[in-house]
Amino acid sequence: MSPHTVHTRLVALLVGVVIAAAAACCTFLLLPAQSEQATGVEYGYVYSGAKSSSASFIEANMDQSSILVQGSSEFSTPSSLVPQVPSQVFGATNYGLRMMCVGEAYDQSLWHAMALGALANGNRLPGGKVVLIVAPGWFVDGGQDPNTFKTRFSYSMWQGFCDNPDVPDQTKSYVASRLRQMGIDETTINSGAGNLPQDRLDSLALGALDDLKLRQQLGKVRQEGSPLASGELQTPDWESLRAQALADAQARSTNNDWGIENGFYADRLAPVLDGSRGIRAGETYSATPEYDDLRAYLQVAKANGLDVLVIVSPVCGPYYDHIGIDASARATCYERIRQVAADEDAQVADFSDREYERYFLYDIVHFGWTGWIDVEQSIYQFAQGGE
């Protein structure tokens, strides 16, 4: 290759880098910062992975009436099926409590431990309280699939977690070891910890890229906000809310004996029931690191001076009996969750005894009409200072 050709290619490469850098700078200038606050808009009930991965956005859109509620796919339940979801209860009426719902499908204890460490850094969570909704499905034998975890890994949350001086070194080491098990590369893990000059340089690059990505994705989130609940401060009338929930449930569950929503039962369950009998026999809910991940989450909360309410969600007992995950295995799972919570001084709202209650779930794992009302009441009482 001639010197002229080499020179030409180097110049072209340099020009390309300059153009790319200029484009990135323009994008940064045009897109709102993650921390930009919107006046009079509620984002707490928007179901979004981008929102849930941005500590700056979450913190900017909470106030002293907010409580952080961490969970997973239960936040995706549409109000068209279950009008009792938080956006239609606390999002629609001024009860003096705003829920900042953080998490989406496949976010489990390990992910939430990182997120809580990032969000709690500097005592930035109002009220000093946090809620974690725990699902039995998190505790399947073998643990969470690493490929699934990697789709939800957030570098920003990992960096914020590592930067939190109140998280014990032992807990940080545990979370780092679990990230390795879940297939997160060493460069990313070490960048968060930032022990070496190269780590700090990597952190700047990874942080900038993640910031740009989240700014772009948050554009859609900003379009999905709803007006803040206004009007005179009210106290929830739980009996009236529960009565309406029961009426809605009875109207929406008429084609089965389990209290399942009609469409879900007809489209998702009925066609496969005959072939699914006993297909998951042998599941024990015991051979998993998830219990230790839950413990790490609670240790993060305790180290940051946060009171925790662990909400234990049930599964649909008749369906799980049908597929072979027997009641004793489920009971062992519930008991281990309760024990981990007790060991770490967390409060528990335990709904595991509602497995066979019609309408508590609208499908086989997600809160339904009466279920959401009971869960919301437990969160409200916790936020107000009750047990």
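A residue is termed buried when its relative accessible area is under 20%. By that criterion Tyr285, with a relative accessible area of 1%, is buried in this structure, which is a predicted model.

Tyr285 lies in the loop that connects α12 (262-269) with α13 (290-303). Although Tyr285 is not a glycine, its phi is positive, at about 55°. Most residues other than glycine have a negative phi. Another tyrosine, Tyr359, likewise has a positive phi, near 80°. This residue belongs to the loop between β7 and α16 (369-383). Because its relative accessibility is 8%, and the limit for burial is 20%, Tyr359 also counts as buried.

The two loops lead into helices that pack on a β-sheet. This sheet is open and consists of 5 strands in the order β3-β2-β4-β6-β7, with parallel pairing. Strands β3 (98-102) and β7 form the edges, each pairing on one side only. From one strand to the next, the twist averages 25°. Within the sheet, strand β2 (residues 66-70) is joined to β4 by 3 bridges in the parallel sense, and Leu68 is placed opposite Val130 of β4. Strand β4 (residues 129-134) pairs in turn with β6 over 6 bridges, again in the parallel sense. In this pairing Lys129 stands opposite Asp307 of β6. On the β7 side, 4 bridges connect β6 with strand β7 (residues 347-350), and these two strands run parallel. Val310 has Val348 of β7 as its bridge partner. Strand β6 (residues 307-312) is mostly covered, with 5 of its 6 residues buried. In a regular strand the side chains alternate between the two faces of the sheet.

Helix α13 lies across β2, β4 and β6, and its direction is at about 170° to that of β4. As angles over 145 degrees count as roughly antiparallel, α13 is roughly antiparallel to β4. Helix α16 also packs on the sheet, where it touches β2, β3, β4, β6 and β7. The direction of α16 makes about 170° with that of β6, and the pair is therefore roughly antiparallel by the same cut-off.

A further packing arrangement involves two helices. Helix α7 (residues 155-163) and helix α10 (residues 197-223) pack with their axes 9 Å apart and at an angle of about 130°. The two helices are therefore oblique to each other. On the α7 side the contact is made by Tyr155, Ser156 and Gln159, which meet Ser203, Leu206, Gly207, Asp210 and Leu214 of α10. Classified by residue type, the contact between α7 and α10 comprises 3 nonpolar, 4 polar and 1 charged residues.

Asn164 is located in the loop between α7 and α8 (169-181). With a relative accessibility of 0%, Asn164 counts as buried. Residues up to four places away in sequence being left aside, Asn164 touches Gly117, Ala120, Asn121, Lys172 and Asn304.

A second buried loop position is Thr77, which has a relative accessibility of 7% and is found between β2 and α4 (86-89). Thr77 and His366 are separated by 289 residues in sequence, yet their C-alpha atoms are 7.7 Å apart in space. His366 is among the residues that Thr77 touches, the others being Val82, Val85, Tyr362, Phe367 and Trp372, when residues up to four places away in sequence are not counted.

The structure contains 0 disulfides. A disulfide is a covalent bond between the sulfur atoms of two cysteines. Cys316 takes part in none, and the nearest cysteine sulfur to it, that of Cys333, is 16 Å away. Cys333 is likewise in no disulfide, and its nearest cysteine sulfur is that of Cys316, at 16 Å. Because a disulfide requires two cysteine sulfur atoms within 2.5 Å, a separation of 16 Å excludes this pair. Both residues are buried: Cys316 has a relative accessible area of 4%, and Cys333 has one of 0%.

Methods: Residues are numbered from 1 along each chain as its sequence is written. This is a predicted model: local features need pLDDT of at least 70, side-chain atom pairs count only at pLDDT 80 or more; totals for chains, interfaces and linings use all residues. Side-chain values use heavy atoms; hydrogens and water are left out. Buried means under 20% relative accessible area, exposed over 50%, partly exposed in between (1.4 Å probe, protein chains only). Two strands pair if DSSP finds at least two bridges between them. Axes are lines fitted to C-alpha atoms, for helices over the stretch in contact, and angles run from 0 to 180 degrees between N-to-C directions. Angles under 35 degrees count as roughly parallel, over 145 as roughly antiparallel, 65 to 115 as roughly perpendicular and the rest as oblique. Contact means heavy atoms within 4.5 Å. Ala, Val, Leu, Ile, Met, Phe, Trp, Tyr, Cys and Pro count as nonpolar, Asp, Glu, Lys and Arg as charged, and the others, Gly among them, as polar.
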